[in-house]
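I set down here what I looked up in this structure, in the order in which I looked.

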Amino acid sequence: MELKNMVALVARNGRHLQRYNNKGRRQVVGCIPYRYKVTSQTSPKHEDGLEVLVITSQRKGKGMLFPKGGWEMDEKIEEAALRETVEEAGVMGTVEDMLGKWIFKSKGNDAYHEGYMFPLLVKEQLDLWPEKDIRQRLWMSVEEAREACHHGWMKDALNKLERRFLSEQQQGEEKMDLAL
């Protein structure tokens, strides 16, 4: 095991630094970790689609989800999203432009939260991370993740990521056509 593949980080606990909006809703942030699926051995840069990383919920039987958690007062929103992703999923990478904001009802209580989601292009997958012993992670196709995720607002964020990817893919093909 290499030291570069370990993270010296303990998951933050408690809510004394948590952000709340002006309606008293807890603000949470998260990422949809993704990578490009490569299927061609002859052309390793060929992008055939997306794979996204989902994690198990801490509550048994609550399905798969994307890493997310509280946005704290001492963090920028992108920093909080990356921190939560490292803590819960053990991956690091580039946080990209926000997918959107959602108001959703907590599955654990009757509280409403304000959630922000970002795509995260995964650059490194860690062997050890803070929640390794309480979560599993699994790479899936977008369609598999849509079926496995029980949170409507996260499915909506995934749909936005897929549309963004398809739009970028189409623009790339148009540029190639123009070059020919």
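**Cysteines.** I began with Cys149, which is buried in this predicted model at a relative accessible area of 2%. Cys31 is also buried, with a relative accessibility of 0%. I then searched the whole structure for disulfides and found zero. A disulfide is a covalent bond between the sulfur atoms of two cysteines. The cut-off for the search was a pair of cysteine sulfur atoms within 2.5 Å.

**Chain overview.** I counted three helices and eight strands in the chain. Along the sequence they follow the pattern β-β-β-β-α-β-β-β-β-α-α. Of the 180 residues in the chain, 42% are buried. I noted an exposed area of about 10700 Å² for the chain, with 48% of it supplied by carbon and sulfur atoms. I also looked up the contacts with a separation of 6 or more: residues 24 or more positions apart account for 67% of them.

**Nonpolar core.** The largest nonpolar core holds 40 residues. Which of them touch the most other members? I found Ile32, Val52, Phe66 and Met117. I listed the contacts of Met117, leaving out residues up to four places away in sequence: Gly30, Cys31, Ile32, Phe66, Met98, Leu99, Gly100, Trp102, Trp153 and Ala157. The buried Cys31 is thus one of the residues that Met117 touches.

**Strand E1.** I turned next to E1 (26–36). Nine of its eleven residues are buried, so E1 is largely enclosed by the rest of the structure. E1 runs parallel to E7, and nine bridges join the two. In that pairing, the partner of Gln27 is Glu114 in E7. E1 also pairs with E4, in the antiparallel sense, over three bridges. Here Val28 has Gly70 of E4 as its bridge partner. With E2, E1 runs antiparallel and is joined by three bridges. Tyr34 stands opposite Val52 in E2.

**Strand E2.** I asked how many of the seven residues of E2 are buried. The count is seven of the seven, so E2 is largely enclosed by the rest of the structure. I checked its faces separately: Leu50, Val52, Val54 and Thr56 are buried on one side, and Glu51, Leu53 and Ile55 on the other. Both faces are therefore covered, with burial taken as under 20% relative accessible area. E2 pairs with E8 in the antiparallel sense over five bridges. In this pairing Val52 stands opposite Met140 in E8. I then followed E2 to E3 (residues 64–65), where the two run antiparallel and are joined by two bridges. Thr56 has Met64 of E3 as its bridge partner.

**Ser57.** I located Ser57 in the loop between E2 and E3. Is Ser57 buried or exposed? At 15% relative accessibility, Ser57 counts as buried. Leaving out residues up to four places away in sequence, Ser57 touches Lys62, Gly63, Leu65 and Arg135.

**Helix H1.** H1 covers residues 77–89. I compared its expected span with the model: at 1.5 Å a residue its 13 residues should span 18 Å, and the end C-alpha atoms are 18 Å apart, which agrees. Ten of the 13 residues are buried, and H1 is mostly covered. The buried residues are Ile77, Ala80, Ala81, Arg83, Glu84, Thr85, Val86, Glu87, Glu88 and Ala89. I looked up what covers them and found, among others, strands E1, E2, E4, E5 (91–95), E7 and E8. After H1 comes Gly90, whose phi is positive, near 70°.

**Ala111.** My last entry concerns Ala111, in the loop between E6 (100–105) and E7. At 31% relative accessibility, Ala111 counts as partly exposed. Not counting residues up to four places away in sequence, Ala111 touches Phe104, Lys105 and Ser106. I also noted its distance from Gly24: the two are 87 residues apart in sequence, and their C-alpha atoms are 9.5 Å apart in space.

Definitions and conventions:
Residues are numbered from 1 along each chain as its sequence is written. This is a predicted model: local features need pLDDT of at least 70, side-chain atom pairs count only at pLDDT 80 or more; totals for chains, interfaces and linings use all residues. Side-chain values use heavy atoms; hydrogens and water are left out. Buried means under 20% relative accessible area, exposed over 50%, partly exposed in between (1.4 Å probe, protein chains only). A nonpolar core is a set of buried Ala, Val, Leu, Ile, Met, Phe, Trp, Tyr and Cys residues joined through side-chain atoms within 4.5 Å. Contact means heavy atoms within 4.5 Å. Helices (H or I, at least four residues) and strands (E, at least two) are DSSP runs, numbered from the N terminus. Accessible areas come from the Shrake-Rupley method with a 1.4 Å probe; for residues, only the protein chains shown count as cover. The expected span of a helix is 1.5 Å times one less than its number of residues. Two strands pair if DSSP finds at least two bridges between them.
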